[in-house]
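Here is a guided walk through a structure you may not have met before. Keep the 3D view open and turn it as you read.

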Amino acid sequence: MLIIVVFIPSVTFAPLLASGMYQLFSQWQSEKAQMDLATTTVGRPAANLFFTLDQERRLTAEAQADPRGTARDELAKQRAVTDKAVSVFRPLATLAAPNGQEGLSEAVIRTVRGLGLLDQQRRGVDGGSSSEQKAYDYYTGVIESDLSVLTALSHTEHGEVGTKAQTLVDLFWVIDMLGREDAVLARGWDTGHLTKDEWDLVADAIGTKEHLLRSRVAPSLLANESQYGTLTASKAWQAMTALEERLVTSGTGGENGQVSLREVSGAWRSSVDTISPQLLQVLSLRLENVSQIGYAHARTLFAVFMSVSSVGLLALILVIVTSWRLTAILRRRILHLREEAQELQERLPDVVARLERGEDVDVDAEVHMVEPTPDELGELGQALNLASRSAVLTAVRQAEQHRGFQRMLQRIARRTQILIGLQLKKLDEMERKHEDPEVLEGLFDLDHLTARLRRYEENLVILGGGQPQRRWRKPVRLLDVLRAAQGEVQDYRRILIEVGGEPWIAERAVGPLVHVLAELMENATAFSKPPTPVEVRAAPVSRGIAVEIEDRGLGMEPEQYVAANALMQSPPQLDVMTHADDVRLGLYVVARLAASLGLQVTLRTSAFGGTRVIVLLPTSLVVGRPRVVPKPAAVPEEAPTRPESTPPEEEAQLPTRSRGRAMAHVTAPAAGSPDRGDAPLDPLPQRVRQASLVTELKVPADRDEQTDQESWAVRDQPTRSSATIGAFQRQSRRSRTGDDAFQPRQDESPEPGSPRTEDRG
């Protein structure tokens with residue numbers, strides 16, 4: 001855009017300068033060409049032709065008046081001179097003069113056309129076939145055509161030159177009038193008289209000559225043309241004037257159509273021969289003056305042209321250089337401002353990323369201030385400084401607010417986790433004290449809900465930027481990890497676990513892995529209709545251990561799988577304030593934990609129509625079987641004291657948990673079955689304690705502010721004791737109508753083809 005600042009003034013100024021230069025150059029060229037035509041190219045041949053034809057006209061008249069006289073010899077010589085002048089003038093008919101005077105070409109062509117009859121006229125004169133008047137008329141007509149050429153040459157573009165040149169043409173006409181008098185009078189010198197018509201020709205020539213001299217020549221004389229006054233005051237001029245007056249006076253009294261000339265031939269010839277050279281001198285002086293004026297004006301035009309051209313070119317160069325210089329300065333400053341803006345554009349995301357990583361950012365150090373200048377660009381730079389500082393300061397404030405909110409969220413969640421840990425501890429103590437199945441059923445329900453609540457609180461900690469605080473000091477079997485995850489799911493009875501081999505998980509991955517698997521299992525049960533099972537299979541693979549969680553629900557749309565897998569590949573920095581209404585918060589939790597552990601989580605369509613989730617544990621998280629395997633804590637069994645009203649067969653029907661077998665495989669007797677009976681179960685006199693998953697995984701953890709919570713690492717609710725079967729039966733019946741925050745209504749299935757928005761977690 002800045003190039004236009006240079007281009008437009010140059011383009012605007014250059015044509016104006018070129019137009020003015022062209023006009024001056026054209027005017028100079030035209031005036032110089034016209035002066036060359038008037039003085040040299042056409043004017044000189046035309047003047048020579050005029051004088052030769054005038055002399056030949058007089059000599060022709062004398063030869064016709066006295067065929068035997070000496071005029072014949074002089075006529076022959078004059079004809080030779082005239083032929084030379086004609087040969088020089090004829091080529092002018094083809095002269096190309098684009099800058100010539102108007103009407104010049106037509107006058108030259110007309111004169112050349114008249115000269116074409118010159119030879120014929122001469123033959124007529126020599127043969128006697130051409131009369132005196134006819135010869136006079138021919139020469140006079142050709143001379144007038146030649147004078148029209150001189151008249152056209154006087155019409156120049158310069159007014160002063162045209163005025164002075166017109167006086168020059170008048171002098172030519174004066175000479176022509178004198179030549180006419182001389183040619184007509186030559187007829188009557190021998191006879192001593194003229195006819196009335198001839199006298200009229202003489203009288204007209206005398207009158208025209210006097211008029212031209214008095215009215216047009218004399219008033220326009222220049223200071224250096226005083227020779228004209230000397231001429232008119234000379235004796236020869238006065239003698240000629242006196243003879244002309246006598247001729248005019250004689251003509252008024254002529255009789256019989258004739259006018260007497262008397263004896264004036266010698267005096268006339270002497271006067272005319274004396275005056276003619278002086279007239280030529282006056283004419284030459286006028287021609288020189290006209291030439292000087294014309295060429296001087298042409299030189300002035302050329303000087304003006306050169307001056308204007310030089311000044312104009314210098315001005316144009318100055319405009320271009322100045323504009324280019326200013327443009328370069330503006331462009332450099334604008335580019336600097338643009339670089340600052342681009343740097344801000346690149347720096348601001350980096351500042352935001354550093355703020356997201358928890359780094360402290362100095363606003364003054366991150367903002368590069370542009371040096372202010374007292375102009376518009378300086379004001380723009382100042383505005384850019386304010387914008388940069390405001391943007392960085394706003395980002396810092398938002399990041400501080402975000403981190404403050406995350407810290408507050410983590411603090412609240414941590415405090416809630418402490419209370420949940422204390423509640424779990426209290427529930428465990430109550431479970432150990434009470435033996436009534438009904439009471440134990442309620443306690444185990446509370447225990448199960450509390451374990452799920454603990455996981456939800458951990459979700460808040462993870463979404464707030466923290467990590468789960470449940471830690472282990474020793475490896476744990478994968479089967480126990482899967483059972484622990486199963487124990488944190490509401491509809492745990494539908495989960496079928498199958499583990500190939502006996503893999504062990506590194507202690508640092510136990511807590512996050514339990515959380516990830518629990519989120520995925522609960523999501524599978526929530527989005528599949530009871531009583532369809534959720535199959536969980538784990539087996540070693542070439543790159544670690546693959547855990548597959550497959551449900552038989554409606555699944556998701558292909559684009560939803562793509563979005564979910566992209567989220568698992570690169571979990572974003574979650575802004576809990578902007579995603580508070582997002583139903584996929586569980587996906588963010590799974591993605592964050594998987595990224596921290598190096599897990600590969602992939603979602604795809606199941607063969608049953610639901611969703612199949614594959615969790616690939618890398619080999620770095622898989623360890624070998626420890627040398628010393630933690631054993632379940634030994635719990636002494638109390639002596640059975642069965643009431644008499646309780647038949648022995650009924651206690652035998654209660655299922656008991658054995659090591660390595662999850663309670664998800666326990667199927668409670670249906671209501672009203674013959675095995676169960678219609679009468680309610682009597683309370684057990686004592687609680688048979690066996691080694692549960694809680695006992696197996698209760699390994700002392702790192703002590704911190706979460707001591708009470710961390711001691712309850714994993715609580716496997718489905719395997720409390722055989723005395724809880726009544727609770728499991730009633731919970732199984734309630735699972736079809738229960739209300740869970742992560743589970744849709746199980747008594748209604750979505751319409752076929754309806755989209756499923758599945759919350760993986």
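What follows goes through salt bridges, aromatic rings, sheets and a few smaller details.

Before anything else, keep in mind that this is a predicted model. Let's begin with the charged side chains. Side chains of opposite charge can pair when their charged atoms come close. The structure holds 33 salt bridges, and a handful of them will give you a feel for the rest.

Take glutamate 56 and arginine 79, whose side chains meet in a salt bridge at 3.9 Å, N to O. This pair links distant parts of the chain: glutamate 56 is in helix 2 (residues 43-65), arginine 79 is in helix 3 (residues 71-89), and their positions lie 23 residues apart in the numbering. Are the two partners buried or exposed? Glutamate 56 has a relative accessibility of 0%, so it counts as buried. Arginine 79, at 12%, counts as buried too. The pair is also part of something wider, since Glu56, Arg72, Arg79, Asp83, Arg122 and Asp126 are linked in a network of salt bridges.

Stay in helix 2 for another example. Arginine 58 forms a salt bridge with glutamate 62, and the closest N and O atoms are 2.8 Å apart. Here the partners are 4 residues apart in the helix, so about one helical turn separates them. Arginine 58 is buried at 13% relative accessibility, and glutamate 62 is buried at 19%. The cut-off for buried is under 20%, so glutamate 62 with its 19% still falls in that class.

Now move along the chain to glutamate 181 and lysine 209, whose side chains meet in a salt bridge of 3.5 Å, N to O. Glutamate 181 belongs to helix 7 (residues 159-185) and lysine 209 to helix 8 (residues 196-217), so the pair ties together parts that are 28 residues apart in sequence. Glutamate 181 is buried, with 0% relative accessibility, and lysine 209 is buried as well, with 1%.

Next come the aromatic rings. The structure holds 8 aromatic pairs. In one of them, the rings of phenylalanine 25 and tryptophan 28 have their centres 5.6 Å apart and their planes at 45°, so the pair is described as tilted. Both residues lie in helix 1 (residues 2-41), 3 residues apart, which is about one turn of the helix. Phenylalanine 25 is partly exposed at 30% relative accessibility, whereas tryptophan 28 is buried at 17%. Look around them and you'll find partners from elsewhere in the numbering: Phe25, Trp28, Phe302 and Phe305 form one aromatic cluster.

Phenylalanine 50 and phenylalanine 51 make another aromatic pair, this time edge-to-face, with 5.3 Å from centre to centre and 70° between the planes. Phenylalanine 50 is buried at 0%, while phenylalanine 51 is partly exposed at 23%.

Rings can have charged company, too. The charged end of arginine 187 sits over the ring of tyrosine 136, 5.3 Å from its centre. Likewise, the charged end of arginine 552 sits over the ring of phenylalanine 608, at 4.0 Å from the ring centre.

Time for the sheets. One open sheet has 3 strands in the order 3-5-10, with antiparallel pairing. Which strands stand at its edges? They are strand 3 (476-477) and strand 10 (622-623); each has a single partner strand, so one side of each is left without a neighbour in the sheet. Strand 3 and strand 5 (residues 504-505) pair over 2 bridges, and valine 476 stands opposite isoleucine 505.

Another open sheet has 5 strands in the order 4-6-7-9-8, and its pairing is mixed. Its edge strands are strand 4 (495-499) and strand 8 (600-605), each pairing on one side only. On average, neighbouring strands here are turned by 15° against each other, direction ignored. Strand 8 runs antiparallel to strand 9 (residues 611-618), and 6 bridges join them. Threonine 602, for instance, has isoleucine 614 as its bridge partner in strand 9. Helix 17 (residues 558-569) packs on this sheet and touches strand 8 and strand 9, with its direction at about 175° to that of strand 8.

Two last stops remain. In helix 15 (residues 478-487), 10 of the 10 residues are buried, so this helix is largely enclosed by the rest of the structure. Charged residues are in that buried list as well, including Asp480 and Arg483. Finally, a cis peptide bond joins proline 530 and proline 531, with omega at about 0°. You'll find proline 531 in the loop between helix 16 (507-526) and strand 6 (534-541).

Note on methods. Residues are numbered from 1 along each chain as its sequence is written. This is a predicted model: local features need pLDDT of at least 70, side-chain atom pairs count only at pLDDT 80 or more; totals for chains, interfaces and linings use all residues. Side-chain values use heavy atoms; hydrogens and water are left out. Rings of Phe, Tyr and Trp (its six-membered ring) pair if their centres lie within 6.5 Å; planes under 30 degrees apart count as stacked, over 60 as edge-to-face and the rest as tilted. Buried means under 20% relative accessible area, exposed over 50%, partly exposed in between (1.4 Å probe, protein chains only). A charge sits over a ring if NZ of Lys or CZ of Arg is within 6 Å of the ring centre and within 35 degrees of the ring normal. Two strands pair if DSSP finds at least two bridges between them. Axes are lines fitted to C-alpha atoms, for helices over the stretch in contact, and angles run from 0 to 180 degrees between N-to-C directions. Contact means heavy atoms within 4.5 Å. A salt bridge is a side-chain nitrogen of Lys or Arg within 4 Å of a carboxyl oxygen of Asp or Glu.
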